[in-house]
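Q: I would like a close look at one part of this protein, a stretch of chain between two helices, followed by enough of the remaining fold to set that part in context. Where does it lie, what surrounds it, and what should I notice in its backbone?

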Amino acid sequence: MSAAGRAVLARAALPRFYEERAFEPIWMAPASARLRELTTAIRASERHGLDPEAYHLSAIDSLTRRVMQRRDAETAADLELLATDAFLLLGSHLLHGRVNPETIDPEWIANRRSARLDTILARAVNGSGIADGLNGLAPQQERYRRMLDAAQTLRALVARGGWPLVPEGERLEIDSAGPRVLALRRRLGVGGDAGGGEDGGRAEPLQFDQGLAAAVRRFQQRHGLEPDGVVGRATLAALNVPANARLRQIEINLERWRWLPADLGDRHIEVNLPGFDVRVVEQGSVVARHRAVFGRPFRATPMFSGSMTYLVLAPYWHVPPPSRRSTSFR
């Protein structure tokens with residue numbers, strides 16, 4: 001199925017939606033305000049790390065102008081189909097993610113979110129509104145919203161040229177001095193880690209002081225580094241990751257969050273593979289944290305979500321008995 005030369009991708013939900021409405025159009029006048037609301041929502045999909053052009057944005061804008069000028073039935077039909085496909089496709093990506101996680105990790109086992117998108121669209125048309133209908137499909141957890149805000153801040157920063165780099169050199173610590181310290185201070189200031197600091201804003205720009213060390217520790221804590229307040233090789237490498245690369249990381253994690261269940265539970269356990277730790281969360285706060293050991297690339301830890309019925313603490317383990325061929329050492 002295609003419209004205006006573009007593939008219509010919601011091949012199951014779209015026909016079902018119109019069949020239930022006796023093929024009554026929803027985007028034409030006097031519902032043009034609804035179409036404007038849709039295009040606004042499509043443009044806003046960039047906030048979620050999605051590409052508005054994936055949802056026929058240019059084609060919808062072009063067809064809208066042509067309908068207003070000529071009002072021919074074929075162009076109006078193409079616009080109707082593409083607008084509906086755009087809603088259903090964007091809704092699917094907000095609900096499930098743009099990528100199927102099982103194509104990346106065959107052992108991804110999670111209680112993923114689901115909904116009848118044609119039903120969501122019918123509710124939006126009948127009163128809830130297009131924007132509210134789409135926004136309700138995105139994850140509602142606080143951490144997802146915080147990532148949205150962080151991504152928005154980084155987009156603005158990238159548009160201004162990103163943050164400055166800190167030149168390579170010896171480690172920077174208390175009592176270091178020189179132009180590299182100034183570059184470090186500017187980098188942490190642009191990144192939001194350095195404010196007045198412990199020095200009350202009276203720092204000597206070229207001097208590595210306690211206030212700058214505190215800013216370095218804040219940066220290290222945010223990036224999973226040892227918060228020692230010293231800029232060694234690992235911290236310098238993290239500082240010099242470009243802002244657009246950090247933005248891409250957040251956008252990828254927004255996608256990963258859309259693969260998760262709608263509700264992790266008020267009390268749950270999170271296994272953080274990159275951080276090598278396990279966190280116990282109650283009412284949104286981490287109440288316990290433990291180090292953990294994970295699998296290897298050839299025997300990776302599976303990604304899953306499920307209900308826990310019991311927990312074994314400190315399971316016993318015995319040294320395997322020696323084989324007959326083993327050598328005895330005394």
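A: A helix is here a DSSP run of type H or I with at least four residues, a strand is a run of type E with at least two, and both are numbered from the N terminus. With that naming, the part to look at is the loop between H7 and H8, where Asp175 has its place. The model is a predicted one, and what follows should be read as a description of that prediction.

Helix H7 covers residues 142-159 and helix H8 covers residues 179-191, and Leu172 is found in the loop between them. Is Leu172 buried or exposed? Its relative accessible area is 5%, and a residue counts as buried under 20%, so Leu172 is buried although its place is in a loop. If residues up to four places away in sequence are not counted, Leu172 touches Val166, Arg180, Val181, Leu184, Phe208, Val230 and Val231. Among these, Arg180, Val181 and Leu184 fall within the residue range of H8. Leu172 can also be related to a residue further along the chain, Ala213, which is 41 residues away in sequence while the two C-alpha atoms are 9.4 Å apart in space.

Asp175, in the same loop between H7 and H8, gives another view of this stretch. At 60% relative accessibility Asp175 counts as exposed, whereas Leu172 is buried. The backbone of Asp175 deserves attention as well, for its phi is near 80°, a positive value in a residue that is not glycine. Most residues other than glycine have a negative phi.

A positive phi occurs again elsewhere in the chain, among the strands. Gln283, which is not a glycine either, has a positive phi of about 55°, and its place is in the loop between S4 and S5. Like Asp175, Gln283 counts as exposed, here at 63% relative accessibility. S4 and S5 form a hairpin with two residues between them, and Gln283 is in its turn. The two strands run antiparallel and are joined by six bridges, with S5 covering residues 285-291; one of the pairings sets Val281 opposite its bridge partner in S5, Val286.

S4 is also paired with S3, in the antiparallel sense and over six bridges, and here Asn272 has Asp277 in S4 as its bridge partner. In the hairpin of S3 and S4, which has four residues between the strands, Phe276 takes a positive phi near 55°. Phe276 has its place in the loop between S3, residues 267-272, and S4, residues 277-282. Leaving aside neighbours within four places in sequence, Phe276 is in contact with His290, Arg291, Ala292 and Phe294. For His290, which is 14 residues from Phe276 along the chain, the C-alpha separation is 8.7 Å.

A helix can be read in a similar way, side by side with the loop described above. H2 covers residues 32-44, and its buried residues are Leu35, Leu38, Thr39, Ala41 and Ile42. They cover an arc of only 160° around the axis, which means that they lie on the same side of H2. Arg36 and Thr40 are exposed on the other side of H2. The cover over the buried residues of H2 includes helix H3 (57-70), helix H4 (73-96) and helix H6 (130-135).

Finally, the whole chain has eleven helices and five strands. Its radius of gyration is 26 Å, where a compact globule of 330 residues would be near 20 Å, and its C-alpha trace spans about 85 × 65 × 40 Å along the principal axes. Of the 330 residues, 37% count as buried, and Leu172 in the loop between H7 and H8 is one that is buried.

Definitions and conventions: Residues numbered from 1 in each chain as written. Predicted model: local features only at pLDDT ≥ 70, side-chain atom pairs only at ≥ 80, totals over all residues. Heavy atoms only, no water. Buried < 20%, exposed > 50% of the residue type's maximum accessible area, 1.4 Å probe, protein only. Arc of directions from axis to C-beta. Contact = heavy atoms within 4.5 Å. Rg over C-alpha atoms; globule rule 2.2 N^0.38 Å. Pairing = 2+ DSSP bridges.
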